[in-house]
Amino acid sequence: MPEGHIKILHIEDDRSSADVVRAMLSSAPGGAFDLERVDRLDKGLERLAKGDIDVVLLDLGLPDCHGLETFTRTRTVSPQTAIIVFTAADDEELAIHAVHEGAQDYLSKSMIQGSAGRLLLTRAIRYAVERRHAQETLAEERRLLRNLIDSFPDHIYVKNTESKFLMVNRVTTRFFGKERPEDIVGKTDFDFFPHGLAMQFRAEEQAVLNSAQTLVNREAAVTDSTGKTRWILTTKVQLHDGRGRVTGLLGVNRDITEIKEAEIERAQLAGNLHLMLESTAVGFFGMDRAGRCTFINKAGAKMLGYEPSELEGKDVHQTIHFMRPDGSPYPAEECPMTQAIRTGEGADVDTEILWRRNGTSFPTEYTAFPVKEHNVIQGAVVTFLDTTQRHAAEMALDAERNLLRALIDNLPDYILVKDTQGRYLVDNIAHRRFVGAKTAEEVVGKTPADFFPAAEANRIQAEDAEIIRSGQPIVNREELITSPDGQRLWVWETKVPLREARGATTGLVAIISDVTEHKKAEQRLAIQHAVTSVLAEAPTLDDATPKILKALCEGLGWDFGELWIPDWHQNVLHCIKTWHAPSFDLGELETATSETFLSPGIGVPGRVWSSAKPAWVPDVTHDSNFPSARFAAKAGLRGSLGFPVMLGPLVLGVVAFCSREISEPDDSLLRMFTAIGSQIGQFIERKQAEEQLKKTLLDLTRAHEELKTAQAQLVEVEKMETVGRLAAGVAHEVKNPLAIIRMGVDYARGQLKGHNGDLEQVLNDVNGAIQRAANIVNGLLDLSAAQELTVKPSDVHVLLEQCLSMLRHATSTAHVQVIRDFAEKLPMLKLDPQKMEQVFLNIMLNAIHAMSDGGTLTVRTYSKRLQVGDVNRDPGSRSGMRLRSGDMTVVVEVDDTGTGIPEDKLAKVFDPFFTTKPTGIGTGLGLTVSRRIVNMHGGTIRIQNRPEGGARATILLKA
């Protein structure tokens, strides 16, 4: 198709209308339209499914579909294609419905005439395509906007004027503990927050909605889905439509929990600082520019023998620092404390003394810092400490260091310190054992590359370097590592940056716990739980085996699993099930395994079979008793294990595994496999008992049902035969008198025509009564006649469509909508088409009559394999054919939306002359005859009320 052309599919059964459209489009300027036409909806849907159609001109009155359903089906097949409803029906309500459902335009054929009509048609087509493209572009922009909103770290949401959520992003969804935004839409804050907090949010939102005031960065504490308190900054603004009306509000919540916690921490720190100043043993005091004391903490005043208030305002040097240790005067101009005030330079002194109020002195260590404001000295702060206890403190510190070192060295965890180059600075005894060293000197100064395999060493060094660079710690991370001797171990790792006093990172500290045994125990517990679940849910061993093999292989890292079953007659094992990872090609090994038969003691399965105990081979390539060793080695498999499936002392089978890794025996794992083998054996025993019990119950149920059926059939057959003989006699005796009466009435009507209106009306009423009596007589003859079937292969859908076609006037008059719910493929049935049409027509007419005020008639078909209890034998049937459990059937259901059938009358609907219709409508024999016809076909028919209202007729026919 040339670029810029519009591809049009015209679905129209009226050839003249189609020719007019083709003529108009072919003469359009530029020849920009390519037109295809089909005359039925099903053909149009097939063409649309192939693609490359830009716009559809759709008639709503087609032979195979009409009304809004035509549009709905077309849109369902090709939702991206523009659709213009182009029909002769000038129905404004239908047009509104079509456009509301997604039609781009609605054109009446009467509008498309002359050059103006051609212009209208071409414009509508072009505009429809353009609007469709614009809608697709808008939808893409909406998707992009949604993705953008979902990527924001802030909580973003939209509410309506009732404070109900209309939209939330992913962060908000997670905050409320939901998986999908749809779980929040339509709800309010009352569904997620305490009532009081939700009332506060509702009040502030109503204020925003009613006053146009924007709520900006209002701070609030809320509780998330985990119960944790979070601090947020909330901003809420009005949303308006195109006319400026308030439609809701937009909210943005920013999580400031970390900032808030930092503020709280800073406040606590300030309080702690004051508390520390007042509670610490270090003395603090401040001086103004004149050297007078401005404040002093309790510890400092106590060391000097004063109350804090006694020192405030006094000259510090003249009060506590006026004399040197040797007793000579100490000039103020030489005092390092006052030096901080005079020169702005700090001082750090540890060789002087301070004087107490009682005239004694004590050695001190003090530091003086100038206090500046706008680079102007305002005073100084001095910290001092009585160093008399220093030696004792140092000795205590040494003792603590020794205690800490002893504790670290005796912990089972690996504890180590590294510098920024990844070199070990400190480690403990457990770590030295782990890397194979005996002394600290063998470790200090070295790197992981000196102990670990290259790949593992590179990983460790890269990770350590990133922690040192970023300053971000790793806390209690579970990880699988390779040990220096090549083993795979599970560990919990904590690595934190090591910082000096000024905050610079100088290395890292690591604590590593070996949790391999704990992890193995968890894995084995999970595996046992998985096996137990499989055995509890699986109906048979055949269903359970692949799942068990998969659970064991994936849970323990085995690459290949197999189940071997004994052949007791041949005294060999053969493999019936295998499993391996989809990405692992074991074609030759699987083939060799399936073709191998193992005698007792041969291979791992044979050894397990003969010993009734688990067996473990660390490396099958070095084991002479492994028949498939060549194929296993080619696939890279090394370790092998097997365990028996036991039922008491009897070995029912062997489960075996292979792995690409060389493995050493593991006693705890073998014990677990022994327990699993016993579980599987008990499962087999239980399933065998269940199958036997099911078989016994099924046999008893069948025998009971057959006995009941036979008893009921004898009674009903006699009753129906008696009714039939009586009906035949009555019908034959009444038929001739009715004919004579009708002839007399017709003669009298001819004689009185035009002479006596009242008498002529009476004769008309008599004639109607005669016709009703004749209908009853014909129904009796149908019921009593010994009819034979003329069966031939028939399509039940064709019969149903013929019946619906014949009832088209009836459904239209009664305002009844017909819904066809047909199965895609049904088998051909051996039917008498004429008699089955009689049955279908009778059932559908009853349904239509039940919907006097209009409604919906649903005709449904599907196939079904019968289960026990699905079929109740019709005791009135004399057919030799019978539906049984296990039979494949075709089911026809006819539903109506009428008032249904009173429960006290439901059991009588198949009785002769019984009817729920008004007098004069129906004879009460239709369902009786219908059941007789269905029974002659070996089927069943049932009438029941639907829970949602109306009745359902169900016909089962054997396929």
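Start with Phe192: leaving aside residues up to four places away in sequence, Phe192 touches Phe165, Phe176, Lys178, Ile184 and Lys187. Keep in mind that this is a predicted model. Where does Phe192 sit? You'll find Phe192 in the loop that runs between α6 (170-175) and α7 (195-211). Gly177 is 15 residues away from Phe192 along the chain, and the C-alpha atoms of the two are separated by 9.6 Å.

Now zoom out to the whole chain. There are 959 residues, and 40% of them count as buried. The secondary structure adds up to 26 helices and 35 strands. As for contacts with a separation of 6 or more, 57% come from residues 24 or more positions apart. The accessible surface of the chain is about 52,800 Å², and carbon and sulfur atoms own 53% of that.

Next, have a look at helix α2, which spans residues 41-49. Which of its residues are buried? They are Leu41, Gly44, Leu45, Arg47 and Leu48. Looking down the axis of α2, these buried residues fall within an arc of 160°, so they line one face of the helix. Turn to the face pointing away from that buried side and you meet the exposed residues Glu46 and Ala49. The cover over the buried residues of α2 includes the strands β1 (6-11), β2 (33-38), β3 (55-58), β4 (61-62) and β5 (65-66), along with the helix α3 (68-77). After α2 comes Gly51, with a positive phi near 90°.

Over on the surface, Leu404, Leu407 and Leu411 make up a nonpolar patch, and together they have about 260 Å² of accessible area. Leu404 belongs to helix α13 (residues 390-410). Why does Leu404 count as partly exposed? Its relative accessibility is 48%, and partly exposed covers the range between the buried limit of 20% and the exposed limit of 50%.

Here is Leu404 beside two cysteines:

| Residue | Relative accessibility | Class |
|---|---|---|
| Leu404 | 48% | partly exposed |
| Cys65 | 5% | buried |
| Cys803 | 0% | buried |

Both cysteines in the table are buried because buried means under 20% relative accessible area: Cys65 has 5% and Cys803 has 0%. And how many disulfides are there? The count is 0 disulfides, going by pairs of cysteine sulfur atoms within 2.5 Å. In case the term is new, a disulfide is a covalent bond joining the sulfur atoms of two cysteines.

Conventions. Residues numbered from 1 in each chain as written. Predicted model: local features only at pLDDT ≥ 70, side-chain atom pairs only at ≥ 80, totals over all residues. Heavy atoms only, no water. Patch = residues over 30% accessible without salt bridge, like charges linked within 9 Å, V, L, I, M, F, W, Y side chains within 5 Å. Areas by Shrake-Rupley, 256 points an atom, 1.4 Å probe, with all protein chains shown as cover. Salt bridge = Lys/Arg side-chain N within 4 Å of Asp/Glu carboxyl O. Helix = DSSP H or I, 4+ residues; strand = E, 2+ residues; numbered from the N terminus. Buried < 20%, exposed > 50% of the residue type's maximum accessible area, 1.4 Å probe, protein only. Arc of directions from axis to C-beta. Contact = heavy atoms within 4.5 Å.
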